[in-house]
Amino acid sequence: MTTTAASQTTSVTTALTTTVAPSPAVTGTATTGPAPTATSADTASEHTTAGWVDRARIVGESLRPEVAERDRTGELSRTAFDLLREHGLSAAGVPIEFGGGGATHTDVGAILRELGRHDPSTAVAFAMHCHLVATQVWRHKHGADASGVLGKVAAGAILVSTGASDWVASNGHAERVEGGYRVSARKAPASGCEAGTILVTSIRWDDAPEGPRVLHCAVPFSAPGVRIEQTWDTLGLRATGSHTVVLEDVFVPDAAVSLIRPAGVWPPLLNTVIGAAMPLVTAAYLGIADGAVDTALALTAGRTDPHVVQTVGELANAHTTAADLTAAMFADSDDLGFDNTDAHAARTLSRKTVAADHIITTVRLAMETVGGFGYSRGCDIERRYRDVHGVLFHPLPRAKQLRFTANVLLGHSPLE
């Protein structure tokens, strides 16, 4: 199955390098040239987890003063993505030989966790870019040529995913034309799309000669027919910019299509995506919980009330469990060396579900520890409590995860 999934993603690099202009054409931010990244000439300390966390802390602390206002307005911080480039974080996970920072999978998780401690919306939006990069690194580690897309990321490209809404069946309409396809679709949510360079998406092709198919492709945001509708207006994570990307009769050349697969059949490609993505996404939400714990303990330091002491003990249990489960996901990833089997995906998704429960419980207990003030807009725990519930909606929601994991354990296809 590993070989199958690797072959499914073999042409992704060709797709991106064919359809995306060189780095000076990166749009949507002030940064147009290659971003400063960690290289072999940098000091060794910058290649440690602590070094990456220090960079993330600098970015997070600079963004923190505006977080509450952006929660109110629902505005994505484009400055945040400029800073992520400037500090080498957008290309941290890209191997050094491709111009990136050479951070491990665990390092990238630590970056996202630290960002989540300061700016939850930016951390979650950035996790979408990071997991697409991690998927390409998995390909590289398993013998595929991922140099094209990894080089683009090292030069400043921001990748935007629509995978959560596309999943197996996908949506939209594709029509075969000379040299490629004409595609139309509405893709939501697409976190960070206003700062994005490349849309990594899929389109339903119902009229394929062999029956319904799904096209996986890369579409530059600069392509004619691509626009963004500002539809994201939610309870939490309001500043992720997870709007709707609209594709209207967009031409996608054959070279931009990375995979054509049967619709409705579980693709091994998604085992790779799950293994690369879910630890990173969970780490971002764990960072949101970290921040709630920081606030709760700062506000209750020295208290001896029995109910506060007990609630803090429960808080510690939930927080520790969430952190341990997240660490187990990264350990099982083996720095993106994992085999992309159904079993690995099922185990990863199980851990994600249980970690999500404990992450949410951690923030709830932080609010209870503080008391009524924790329920007010004057306390960041209130915002974090809204933000952290977003973890429930990343693949897979609980009910779907239970069926997925059970089917795999019982020897069935994940989709049965």
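In which helix does Val67 lie? In this predicted model, Val67 belongs to helix α4, which covers residues 67-73. With a relative accessible area of 7%, Val67 is buried, because that value falls under the 20% limit for buried residues. When neighbours within four places in sequence are left aside, the contacts of Val67 are with His118, Asp119, Pro120 and Arg383. Ser77 follows 10 residues along the chain from Val67, and the C-alpha atoms of these two residues are separated by 9.1 Å.

The protein as a whole contains 14 helices and eight strands, and of its 416 residues 57% are buried. Among the contacts with a separation of 6 or more, 77% are accounted for by residues 24 or more positions apart in the chain.

Helix α7 is formed by residues 120-141, and Pro120, listed above as a contact of Val67, is thus one of the residues of this helix. At 1.5 Å a residue, the 22 residues of α7 should span 32 Å, and the distance of 30 Å between the end C-alpha atoms agrees with this expectation. A bend of about 25° is nevertheless found in α7 at Ala127. The helix is mostly covered, given that 20 of its 22 residues are buried, and it is followed by Gly143, for which phi is positive, near 95°.

The arrangement of two further helices was examined through their axes. Two packed helices are described by the angle between their axes and by the distance between the axes. For helix α6 (residues 105-118) and helix α10 (residues 268-300), the axes come within 7 Å and cross at roughly 35°, and the crossing is right-handed. On the side of α6, the contact is made by His105, Val108, Gly109, Leu112, Arg113, Gly116 and Arg117. On the side of α10, the residues that take part include Gly275, Ala276, Pro279, Leu280, Ala283 and Ala284, together with Gly287, Ile288, Gly291 and Asp294. An α-helix has 3.6 residues a turn, so residues three or four places apart point the same way.

The strands were considered next, beginning with an open sheet of four strands in the order β1-β4-β5-β8, in which the pairing is mixed. Strands β1 (159-161) and β8 (257-262) stand at the edges of this sheet, and because each has a single partner strand, one side of each is left without a neighbour in the sheet. From one strand to the next, the twist averages 25°. Within the sheet, β5 (residues 213-220) and β8 pair in the antiparallel sense over five bridges, and Val214 stands opposite Arg261 in β8.

Another open sheet of four strands has the order β2-β3-β7-β6, and its pairing is antiparallel. Its edge strands are β2 (173-177) and β6 (226-229), each of which pairs on one side only. Neighbouring strands of this sheet are turned against each other by 15° on average, with direction ignored. The pairing of β6 with strand β7 (residues 243-253) is in the antiparallel sense and extends over four bridges, with Arg227 standing opposite Val246 in β7.

Notes:
Residues are numbered from 1 along each chain as its sequence is written. This is a predicted model: local features need pLDDT of at least 70, side-chain atom pairs count only at pLDDT 80 or more; totals for chains, interfaces and linings use all residues. Side-chain values use heavy atoms; hydrogens and water are left out. Two strands pair if DSSP finds at least two bridges between them. Helices (H or I, at least four residues) and strands (E, at least two) are DSSP runs, numbered from the N terminus. Axes are lines fitted to C-alpha atoms, for helices over the stretch in contact, and angles run from 0 to 180 degrees between N-to-C directions. The expected span of a helix is 1.5 Å times one less than its number of residues. The bend at a residue is the angle between axes fitted to the seven residues ending there and the seven starting there. Buried means under 20% relative accessible area, exposed over 50%, partly exposed in between (1.4 Å probe, protein chains only). A crossing is left-handed if the near helix is turned anticlockwise from the far one by less than a right angle, and right-handed if clockwise. Contact means heavy atoms within 4.5 Å.
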